[in-house]
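Work through the exercises below with the sequence and the model side by side. Try each task before you read its solution.

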Amino acid sequence: MRCQDMVCVVTGGGEGIGRAICRALALEGGHVAVWDVDRVAAEAVAEELRKSGRRAEALEVDVSRWDEVKAATRQVLAWFGRIDVLVNNAGICQVVSIEQTEEEDWDRVMAVNLKGVFLCSKAVMPSMKERRSGKIINMGSIAGKIGGILTGAHYSASKAAVMCFTKSLARELAPYNVQVNAIAPGVIETNMTRMITKGDWGPYLSMIPLGRIGSVEDVATVAVFLASRESDYITGEIIDVNGGQWMD
Ligand SMILES: NC(=O)c1ccc[n+]([C@@H]2O[C@H](COP(=O)([O-])OP(=O)(O)OC[C@H]3O[C@@H](n4cnc5c(N)ncnc54)[C@H](O)[C@@H]3O)[C@@H](O)[C@H]2O)c1
């Protein structure tokens with residue numbers, strides 16, 4: 001059990017990659033607080049984890065709202081007594097040209113994808129610093145490295161910023177033995193990408209040396225590694241999970 005009794009917060013845990021991370025952490029012995037704007041989805045995941053014998057709680061949280069993030073952090077600390085792992089996974093995506101991007105679209109994508117990572121990290125870091133222990137895992141993207149192939153420029157820019165924020169936060173928290181890393185997934189099959197591709201994966205497959213689209217489990221196993229003690233000497237790192245689509 002690589003995450004035995006660790007208390008883990010997973011944002012956007014109700015669906016897709018976040019849900020797979022919740023399941024994988026629980027399978028390794030972790031207790032999970034599932035945060036999502038979609039209360040029903042979060043509840044369903046928490047219920048599933050409880051059935052498997054773990055402690056799990058769902059909270060309706062919009063990560064772009066400081067009042068909600070602060071209250072949810074307080075609630076998790078009251079329930080579980082500590083937070084060992086924060087997975088900043090919640091994100092939204094739009095497929096739109098720069099010219100067609102409205103100011104409010106730009107602001108919303110930045111608020112969820114970038115400000116959300118900042119707010120959730122800010123909320124949990126005091127308790128991690130105090131205990132001199134913790135792991136923060138941020139969800140970047142291949143789009144933040146090479147520019148979005150189909151996703152909007154605001155999405156790519158937000159993910160580039162998340163990956164840079166990861167390094168700043170890693171430096172700031174290193175003296176407190178808190179490791180901060182990011183994952184940069186390529187094309188992973190979820191509702192987000194199904195919405196973009198409408199089920200036609202052909203154009204992507206030709207770009208991926210490993211010859212298949214990624215699964216949510218491909219990302220979740222890396223999140224478990226970054227949550228576990230196996231990654232104790234890794235911080236400020238961005239791990240590509242992209243089937244070789246981009247190598248740097
Ligand atoms: N799917 C991919 O190919 C891919 C590739 C690279 C990066 N990512 C990133 O991985 C993360 C998860 O993506 P996914 O494909 O699983 O998406 P998804 O749309 O399937 O799931 C996202 C989850 O986040 C929740 N969410 C959205 N806005 C929120 C908010 N403001 N506060 C809290 N929760 C919120 C949604 O309700 C949903 O449950 C995102 O950050 C995404 O940008 C995905």
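The exercises move from the whole chain to one strand, one helix residue and the ligand shell.

The model is a predicted one, in which local features need pLDDT of at least 70 and side-chain atom pairs count only at pLDDT 80 or more, while totals for chains, interfaces and linings use all residues. Residues are numbered from 1 along each chain as its sequence is written.

**Exercise 1. Work out whether the radius of gyration of the protein chain agrees with that of a compact globule.**

Step one is the rule: the radius is taken over C-alpha atoms, and the globule value is 2.2 Å times the number of residues to the power 0.38. Step two applies it: for 248 residues the rule gives a value near 18 Å, and the protein chain has 17 Å, which agrees. As a further step, the C-alpha atoms fill a box of roughly 45 × 35 × 35 Å along the principal axes.

**Exercise 2. Describe the surroundings of strand β6 (residues 178-185).**

Begin with the elements, which are DSSP runs numbered from the N terminus, helices being H or I of at least four residues and strands E of at least two; the protein chain has nine helices and seven strands. Next, consider burial, where a residue is buried if 20 or more other C-beta atoms, placed from the backbone, lie within 10 Å of its own, exposed if 12 or fewer, and partly exposed in between. Eight of the eight residues of β6 are buried, so the strand is largely enclosed by the rest of the structure. Then look at the partners, given that two strands pair if DSSP finds at least two bridges between them: β5 (residues 134-139) pairs with β6 in the parallel sense over six bridges, with Gly 134 opposite Val 178. Four bridges join β6 to β7 (residues 238-241), also in parallel, and here Ala 182 stands opposite Ile 238.

**Exercise 3. Locate Ala 170 and find its contacts beyond four places in sequence.**

Ala 170 is found in helix α6 (residues 153-173), and the residue is buried, with 20 other C-beta atoms within 10 Å. Counting a contact when C-beta atoms, placed from the backbone, lie within 7 Å, Ala 170 touches Val 180, Thr 235 and Gly 236.

**Exercise 4. Identify which residues come nearest to the ligand.**

A residue belongs to the shell if its C-beta atom, placed from the backbone, lies within 6 Å of the molecule. Of the 30 residues around the ligand, Gly 12, Glu 15, Gly 16, Gly 91 and Thr 190 come nearest. Finally, α1 (16-27) and α7 (191-197) each supply at least two shell residues.

Note on methods: Two residues are in contact if their C-beta atoms, placed from the backbone, lie within 7 Å.
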